[in-house]
Amino acid sequence: MSGVAWGTPSARGIVAAATLGSGLTLLDGTVVNVALRSMGEDLDASLEQLQWITNGYFLSLASLILLGGALGDRLGRRRVFVIGTVWFALASLLCGIAPTAEVLIIARVLQGVGGALLTPGSLAMIQGAFRAEDRSRAIGAWSGLGGIAAALGPLVGGLLIDHASWRWIFLINLPLAALTVWLAQTWVPETRDPRAQGRFDVTGAALASLSLAGVTWALTDAGGPMTWWAAAVGLLAAVAFVVVERRTRGPMVPLGLFGDRTFSAANLMTLLVYAALGAILFFLVLQLQTVGGYNALEAGLATLPITACMLLLAARGGALAERIGPRIPMTFGPLVMAAGTLLLLSVGPDVVWWRDVAPGLTVFGLGLALMVAPLTATVLAAAPDEVAGIASGINNAVARAGSLLAVAALPTAVGLAGDDYRDAAQLDPAYGTAMVACAALLAIGGVISWFAIPHRVRPLPASETA
């Protein structure tokens, strides 16, 4: 097959299917934090349960996203994308009707499994279906429309939460998923990677999941009766994962990639920056509602400066990095984000959006836009072309794991537990400590980039990735 040409009905159908599919995960990613307080009140959930409502999704997504991409390459990208979309919709239905916090947590884990199947496929379908000369335009359209979905999330979510119920942020996924499946089955041709062969690294995926689950449990339950047992299981599973990935043929994570200093440094910086990003959004939305008195819609819309900066400036950040190299953007981007985080310390009982929230989030968004495109380009440039998809998937999984671990660890570290998220007197000082900690993580990420990221990146030879 020669490939689909840009501007044809098939092209529009493929981009629509891919955008709607990835938009499902983007929508949930932006609205769940806004809904946490409402969920907690309705289900009488503790802070630890709210953490797991967020982290259950990230846990399965981060653990399985590489396996999801490999399944698509072997079994058919459209097929796995459709299965993931249906799975995500059914899990969303379970989220929407969950009678207890425990059921909601289980449903969110299942939702993450669906996300791990459909997320890699959304981009891979475009890559596999379009002519080579039209892929950049198709990917640009997919990225831009996806950004609009992320921007609409707080607005749609806030309206549903305030005027209907938090349950509708999940139930709205059902008609969107049905439309996505119809578009995919109607317009998207089936593609596979002819080079994909060998057995699936199911053992590696299972050990990665067990490791992340154990460490996350230990961080969330710090000081509890299961803390040390969970930590031990997580660490032993991590060691076993490394051993298995070194010995297996066709590993999920080719550990040789980490032999390149640039690749390792870029992923370490990703872990720190996205840990800070996940924790900031988790704490800020709770602070605005519990301490500032915002409703769900107001809290969701308050975070829009980040999305606006990304939509307007991320491409310019990438162009700048092409001219001057990745080191400076990847250094100063996190430092600017750290400065924006410290500006958010002014969010308190008498919060005024334009004075206390907008400046900090705008500065934060400017730093994020400066950093994101160079980071992705550096990760891909540090890996051989034949494993670029794996390298990108690893970086994506590291970013999700960073948010997962930060949301698990930071609330306990700043002294929050139980129902403290409903108590302004308890939450307010903890919020300030959390913002300082996030600023420190971002600053460390910038320092790592300055010392470890070169001005220009040379790819790692293919022979060194095994």
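The questions and answers below walk through a predicted model of one protein chain.

User: How many helices and how many strands are in the chain?
Analyst: Start with the secondary structure of this predicted model. The count of strands is zero. The count of helices in the chain is 16.

User: What radius of gyration does the chain have, against that of a compact globule?
Analyst: The chain has 466 residues. For that length, a compact globule would have a radius of gyration near 23 Å. The value for the chain agrees with this, at 21 Å.

User: What box do the C-alpha atoms of the chain fill?
Analyst: The box is taken along the principal axes. Its sides are roughly 60 × 50 × 45 Å.

User: What share of the contacts in the chain joins residues 24 or more positions apart?
Analyst: Take the contacts with a separation of 6 or more. Among these, residues 24 or more positions apart account for 84%.

User: What percentage of the residues count as buried?
Analyst: Buried means under 20% relative accessible area. Apply that to the 466 residues of the chain. The share that counts as buried is 55%.

User: How much of the accessible surface belongs to carbon and sulfur atoms?
Analyst: The accessible surface of the chain comes to about 19,100 Å². Carbon and sulfur atoms hold a share of 67%.

User: How far apart are the mean positions of the positive and negative charges?
Analyst: The chain has 26 positive and 27 negative charges. Each set has a mean position, and the two are apart by 14 Å.

User: Which helix gives the most to the largest nonpolar core?
Analyst: This core has 128 residues. Met39, Leu104, Ile169, Phe283 and Leu288 touch the most other members. The top contribution is 18 residues, and it comes from helix H10 (residues 261-291).

User: Which residues is Phe283 in contact with, leaving aside neighbours within four places in sequence?
Analyst: Phe283 is one of the core residues that touch the most other members. Set its sequence neighbours aside. Its contacts are then Leu410, Pro411, Val414, Leu416, Tyr431, Ala434 and Met435.

User: Is Ala35 buried or exposed?
Analyst: Ala35 has its place in helix H1. Beyond four places in sequence, Ala35 touches Ile161, Trp166 and Ile169. Its relative accessibility is 0%, so Ala35 counts as buried.

User: What is unusual about the phi of Asp44?
Analyst: Most residues other than glycine have a negative phi. Asp44 is not a glycine. It lies in the loop between helix H1 (9-43) and helix H2 (47-75). Its phi is positive, at about 55°.

User: Is Asp44 buried or exposed?
Analyst: The cut-off for exposed is over 50% relative accessible area. Asp44 has 57%, so Asp44 is exposed.

User: Which residues does Met310 contact, leaving aside neighbours within four places in sequence?
Analyst: Met310 is found in helix H12 (residues 304-324). With 24% relative accessibility, Met310 counts as partly exposed. Its contacts are Leu368, Ala369 and Val372.

User: How far apart in space are Pro305 and Ala358?
Analyst: Pro305 lies in helix H12. Pro305 is buried, with a relative accessible area of 10%. Away from its sequence neighbours, it touches Trp353, Leu361 and Thr362. Pro305 and Ala358 are 53 residues apart in sequence, but C-alpha to C-alpha the distance is 6.7 Å.

User: What separates the C-alpha atoms of Met310 and Gly224?
Analyst: Along the chain, Met310 and Gly224 are 86 residues apart. In space, their C-alpha atoms are separated by 40 Å.

Methods:
Residues are numbered from 1 along each chain as its sequence is written. This is a predicted model: local features need pLDDT of at least 70, side-chain atom pairs count only at pLDDT 80 or more; totals for chains, interfaces and linings use all residues. Side-chain values use heavy atoms; hydrogens and water are left out. A nonpolar core is a set of buried Ala, Val, Leu, Ile, Met, Phe, Trp, Tyr and Cys residues joined through side-chain atoms within 4.5 Å. Buried means under 20% relative accessible area, exposed over 50%, partly exposed in between (1.4 Å probe, protein chains only). Helices (H or I, at least four residues) and strands (E, at least two) are DSSP runs, numbered from the N terminus. Contact means heavy atoms within 4.5 Å. The radius of gyration is taken over C-alpha atoms; the globule rule is 2.2 Å times the number of residues to the power 0.38. Accessible areas come from the Shrake-Rupley method with a 1.4 Å probe; for residues, only the protein chains shown count as cover. Lys and Arg count as positive and Asp and Glu as negative; His and the chain ends are not counted. The place of a charge is taken as NZ of Lys, CZ of Arg, CG of Asp or CD of Glu.
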